[in-house]
Amino acid sequence: MSSPAPVPPEPGPFMTLHTALVLLAAAFIGAVVGGLTFLSGGPVAGAVLAGITASGVSVPVLRTLIR
């Protein structure tokens, strides 16, 4: 008599809560910086670039601040 086939372990979540919170906060910061840049009279391309830069720079900082 053979034993039943082993059941594979369930995979973990795609993204941890910590990662989701850091990325969400970084996206919010990028949107605020981009919006303020646009409202101050900057061109749309400059506002998008400022927002992307702000969100990218804030990820390592938020990663260490949010635990």
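Let me start with Ser58, which is found in helix α2, where a helix is a DSSP run of H or I with at least four residues, numbered from the N terminus. This is a predicted model, in which local features need pLDDT of at least 70 and side-chain atom pairs count only at pLDDT 80 or more, while totals for chains, interfaces and linings use all residues. Residues are numbered from 1 along each chain as its sequence is written, and side-chain values use heavy atoms, with hydrogens and water left out.

Is Ser58 buried or exposed? Ser58 has 8% relative accessibility and therefore counts as buried, a word that means under 20% relative accessible area, with exposed meaning over 50% and partly exposed in between, for a 1.4 Å probe and protein chains only. Leaving aside residues up to four places away in sequence, Ser58 touches Ala26 and Ile29, and contact here means heavy atoms within 4.5 Å.

Those partners bring us to the helix pair. The axes of α1 (residues 17-39) and α2 (residues 44-65) come within 7 Å and cross at roughly 150°, which means that α1 is roughly antiparallel to α2, the term for angles over 145 degrees. Among the residues that meet are Val22, Gly30 and Phe38 in α1, and Ala47, Ala54 and Leu62 in α2. The residues of this contact divide into twelve nonpolar, eight polar and one charged, with Ala, Val, Leu, Ile, Met, Phe, Trp, Tyr, Cys and Pro counted as nonpolar, Asp, Glu, Lys and Arg as charged, and the others, Gly among them, as polar.

Finally, Pro6 lies in the segment before α1 and, at 73% relative accessibility, counts as exposed.

Definitions and conventions: Axes fitted to C-alpha atoms, helices over the stretch in contact; angles between N-to-C directions. Helix = DSSP H or I, 4+ residues; strand = E, 2+ residues; numbered from the N terminus. Parallel < 35°, antiparallel > 145°, perpendicular 65-115°, else oblique.
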